[in-house]
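Reader: I would like a close look at one pocket in this model, then at the sheets and rings. Please give the cut-offs as you go.

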Amino acid sequence: MTRVHQLAGAAGSAAWEATSAAYYASIARADARGDGTVRHRLRPEVGDGTIEVTPLHSGFHLVRYDVAFAAGHRIGYRFPGDHFELEHCVEGRVRVSETAAGADELHAGSVALSPRRATGGVVAHDPGERYRAVSVTGSWARLDAYLGGLGARNLPAVGPEHVARERYLGRSAALRPVAEPLAEMYVHRRASPGRLLYLESRLVAALAALVDGLAAAPPATGVPGPALAAHEVAALRRVPELLWQRRHDPPTLAELARASSLSVRRLTTGFRALYGDSVWAYHRRRCLDRAAALLVETDWPVSRIAHEVGYASPSNFGYAFRRDRGTTPARFRHAHA
């Protein structure tokens with residue numbers, strides 16, 4: 001039977017520190033860095049990869065996951081209402097089952113926001129599946145104080161329970177803009193005097209996007225999105241992986257629809273309702289996010305990275321990357337080296 005590890009308490013509390021320390025000690029070996037970052041490298045019998053924890057201003061922590069567990073891995077949690085967590089899945093997926101919100105999975109591109117209420121449940125990783133994600137943890141009270149220190153108002157209300165539930169399970173398109181600054185925090189590995197300042201700047205950008213997302217009016221009740229059956233949701237969840245597998249020979253929408261047993265219209269409207277973006281815009285962003293990670297994490301030539309993420313030529317890749325990130329691949333690599 002797979003062991004269930006336990007986490008408890010609001011981020012920064014004594015309970016949180018104790019249960020987190022016990023969890024990391026049971027699965028990894030720790031390596032402290034000069035800026036306060038602690039890299040937890042998974043033990044070989046547990047899996048492959050690292051979990052990096054970096055302390056930020058005002059009691060917040062940046063957590064970067066790049067893990068693949070050898071066997072099924074389950075983490076139980078009990079957090080009070082003041083626990084704040086904002087997580088962006090860069091690659092892979094993880095299944096979440098929470099008492100009040102229900103069950104779903106965080107997948108590549110999704111952003112999840114904890115509600116202002118006590119939560120409890122289980123997070124499950126499938127065996128061997130790589131999960132890359134970035135998380136900012138703290139408390140709601142500290143977040144309000146942090147924003148106040150910046151001259152901003154407190155965060156808008158998280159909204160009705162059903163809206164908070166959608167955000168908690170990573171289903172809300174309103175939080176999609178938060179993904180970009182969080183992804184920039186994930187790929188930044190440059191060891192420099194300005195590193196923490198850069199990470200703080202991206203945190204402020206993520207919080208600005210979060211404020212805007214929470215302030216956005218929910219869809220009018222008279223104009224609901226398409227109601228999706230469970231089998232349709234399951235089919236749509238497979239589309240990003242189908243696109244990634246065929247990134248060197250992209251299928252047409254008609255081929256995707258046939259492979260998903262959906263009509264083209266149902267595919268496109270359902271995909272936008274589920275992911276908050278069109279099929280091709282979502283896939284393009286996923287490829288460029290992966291390219292950004294490879295530019296930082298490897299010394300591969302740009303031409304190899306371009307091919308790896310599905311571009312037919314380095315020039316096409318360079319144009320797309322520059323349009324998305326505002327800089328060339330070479331300059332991006334140099335800035336994050």
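Author: A pocket here is an open set of points on a 1 Å grid over the protein atoms alone, where a 1.4 Å probe fits, with protein on both sides within 12 Å along at least five of seven lines. Points are joined across faces, edges and corners, and the volume is the space filled by probe spheres set on them.

The model is predicted: local features need pLDDT of at least 70, side-chain atom pairs need 80 or more, and totals for chains, interfaces and linings use all residues. Numbering starts from 1 along each chain as its sequence is written, and side-chain values use heavy atoms, without hydrogens or water.

Now the pocket. The second largest one holds about 740 Å³. Its lining counts 33 residues (an atom within 4 Å of a point). Closest to the centre are Leu7, Trp16, Tyr65, Glu85 and Glu87. Helix α1, residues 14-27, gives the most to this lining, with 6 residues. Helices are DSSP runs of H or I, at least four residues; strands are runs of E, at least two; both are numbered from the N terminus. By class, the lining has 23 nonpolar, 7 polar and 3 charged residues. Nonpolar covers Ala, Val, Leu, Ile, Met, Phe, Trp, Tyr, Cys and Pro; charged covers Asp, Glu, Lys and Arg; the others, Gly among them, are polar.

Next, the sheets. Strands pair when DSSP finds at least two bridges between them. One open sheet has 5 strands in the order β1-β6-β11-β8-β9, with mixed pairing. Its edges are β1 (4-8) and β9 (102-107), each pairing on one side only. Within this sheet, β8 (93-98) and β11 (119-125) run antiparallel, joined by 4 bridges. Glu98 faces Gly121 of β11.

Another open sheet has 7 strands, ordered β2-β3-β4-β5-β12-β7-β10, and its pairing is antiparallel. β2 (28-32) and β10 (111-113) form the edges. Strands β7 (83-91) and β12 (131-139) share 8 bridges. Cys89 sits opposite Ala133 in β12.

Last, the rings. The count is 11 aromatic pairs. Rings of Phe, Tyr and Trp (its six-membered ring) pair with centres within 6.5 Å; planes under 30 degrees apart are stacked, over 60 edge-to-face, the rest tilted. Phe317 and Phe321 have centres 5.7 Å apart and planes at 50°, so this pair is tilted. Both lie in helix α11 (314-325), 4 residues apart, about one turn. Both are buried (under 20% relative accessible area, 1.4 Å probe, protein chains only). Phe60, Phe84, Trp140 and Tyr146 form one aromatic cluster.

Methods: Buried < 20%, exposed > 50% of the residue type's maximum accessible area, 1.4 Å probe, protein only.
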